[in-house]
Amino acid sequence: MIEMAEEDNNVINWLFKSDMAYFDLNGNLNKQNCRILSESNPEIVHVTELQLERVTVWCTVSSRYIVGPYFFEENVVTVTVTVNGHRYSKMLNDF
């Protein structure tokens, strides 16, 4: 990376960081997406339902651009779908 940056000062503008997050549609917070620091008891247990309706959102950022968000849904009835290799590849090609 250092060699690339020495050859082209603009190379840092073409580095992108992308990530996906899952958002539960009932308002529950998905603890895998973020960490919250609190003064309250860190040992508290949060009970959540299984098989929640959720949406998967993808986004990428660089020093110059924000691309997204992209919602993984089927356009027929706007139903959220599971992300698999085919859907991820289609998103990268189409979006």
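**Close-up views of a predicted model**

**View 1. Thr56 and its surroundings in strand 2.** At 4% relative accessibility, Thr56 counts as buried, where buried means under 20% relative accessible area, exposed over 50% and partly exposed in between, computed with a 1.4 Å probe and protein chains only. Thr56 belongs to strand 2, which covers residues 54-61; helices (H or I, at least four residues) and strands (E, at least two) are DSSP runs numbered from the N terminus. Leaving aside residues up to four places away in sequence, Thr56 touches Met20, Ala21 and Tyr22, then Tyr70, Phe71 and Phe72, and also Val81 and Val83, a contact being heavy atoms within 4.5 Å.

This is a predicted model, in which local features need pLDDT of at least 70 and side-chain atom pairs count only at pLDDT 80 or more, while totals for chains, interfaces and linings use all residues. Residues are numbered from 1 along each chain as its sequence is written, and side-chain values use heavy atoms, with hydrogens and water left out.

**View 2. The ring pair of Trp58 and Phe95.** The structure holds four aromatic pairs, counted when ring centres of Phe, Tyr and Trp (its six-membered ring) lie within 6.5 Å, with planes under 30 degrees apart called stacked, over 60 edge-to-face and the rest tilted. In one of them, the rings of Trp58 and Phe95 have centres 6.2 Å apart and planes at 80°, so this pair is edge-to-face. The pair links distant parts of the chain, since Trp58 lies in strand 2 and Phe95 in the segment after helix 2 (85-94), 37 residues apart. Trp58 is buried, with a relative accessible area of 5%, whereas Phe95 is partly exposed, at 46%.

**View 3. The aromatic cluster.** Ring pairs link Trp58, Tyr70, Phe72 and Phe95 into a cluster. Two members of this cluster, Tyr70 and Phe72, also appear among the residues that Thr56 touches.

**View 4. The protein around these sites, with its confidence.** The protein has two helices and five strands, arranged along the sequence in the pattern α-β-β-β-β-β-α. Of its 95 residues, 16% count as buried, and among contacts between residues at least 6 apart in sequence, 59% join residues at least 24 apart. The average pLDDT, the predictor's confidence in each residue from 0 to 100, is 78, and 73% of the residues score at least 70. Among the elements, strand 3 (residues 66-71) has the highest mean pLDDT, 90, and strand 5 (residues 79-80) the lowest, 78.
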